[in-house]
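Hi,

Here is the structure I promised to pass on. Have a look at it first, and my notes follow below.

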Amino acid sequence: MKRMSVLFLILVLTTGIGWAQTPKKQTKKEVVRVKLDDMCDHCVKKIDGNIAFEKGVTALDYDRPNNTVNVTYRTDKTDTTKLRKAFEKVKLNVLSIEKVPLQ
């Protein structure tokens, strides 16, 4: 009987530890529309090869006729100034960056 009580106590304590973990914090995402002066096939390759791997960038959406790229990013990892510097680092001329409401 004593062994059963000890086993039951161990089971209850280990189950309680699993429930006591802290929940993951919510990460806030934002979308910005980056307007470029020109967007050719080579520019798209540069963006896919470099901007997509910037810290915090989660998605890219191209609008080739309007020369824009919608960049979704985590606000705790990056911001618009860092994104502008990343585009300039790969020699892409940024005309404007504006926030787009999330859908």
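Let's start with a hairpin. β2 and β3 pair in the antiparallel sense, with six bridges between them. Helices (H or I, at least four residues) and strands (E, at least two) are DSSP runs, numbered from the N terminus, and two strands pair if DSSP finds at least two bridges between them. D63 has T68 in β3 as its bridge partner. Four residues sit between the two strands of the hairpin, and N67 in the turn has a positive phi of about 55°.

Before going on, some ground rules. This is a predicted model, where local features need pLDDT of at least 70 and side-chain atom pairs count only at pLDDT 80 or more, while totals for chains, interfaces and linings use all residues. Residues are numbered from 1 along each chain as its sequence is written, and side-chain values use heavy atoms, with hydrogens and water left out.

Now the wider picture. The chain has three helices and four strands, and from the N terminus on they run α-β-α-β-β-α-β. The four strands make an open, antiparallel sheet in the order β2-β3-β1-β4. β2 (57–63) and β4 (94–100) are at the edges with a single partner strand each, so one side of each has no neighbour in the sheet. Neighbouring strands are turned by 20° against each other on average, direction ignored (axes are lines fitted to C-alpha atoms, for helices over the stretch in contact, and angles run from 0 to 180 degrees between N-to-C directions).

On the other side of the strand order, β1 (residues 29–36) pairs with β4 in the antiparallel sense over six bridges. There, K35 has S96 in β4 as its bridge partner.

Two helices pack on this sheet. α2 (residues 41–50) touches β1, β2 and β3 (68–74), and its direction makes about 170° with that of β2. α3 (residues 80–89) touches β1, β2, β3 and β4, at about 145° to the direction of β4. Contact here means heavy atoms within 4.5 Å.

What about the core? The largest nonpolar core (buried Ala, Val, Leu, Ile, Met, Phe, Trp, Tyr and Cys residues joined through side-chain atoms within 4.5 Å) has 18 residues, of which V34, L36, I47, V71, F87 and L92 touch the most other members. β1, α2, β3 and α3 are the elements that give two or more residues to this core. Leaving out residues up to four places away in sequence, L92 touches L36, C43, K46, I47 and F87.

Is C43 buried or exposed? C43, in helix α2, counts as buried because its relative accessibility is 9% (buried is under 20% relative accessible area, exposed over 50%, partly exposed in between, with a 1.4 Å probe and protein chains only). Beyond its neighbours within four places in sequence, C43 is in contact with D38 and L92. The C-alpha atoms of C43 and M1 are 74 Å apart, with the two positions 42 residues apart along the chain counted as their separation.

That distance brings me to the overall dimensions. The C-alpha trace spans about 80 × 25 × 20 Å along its principal axes. The chain has a radius of gyration of 23 Å, whereas a compact globule of 103 residues would be near 13 Å (taken over C-alpha atoms; the globule rule is 2.2 Å times the number of residues to the power 0.38). Of the 103 residues, 26% count as buried.

Cheers
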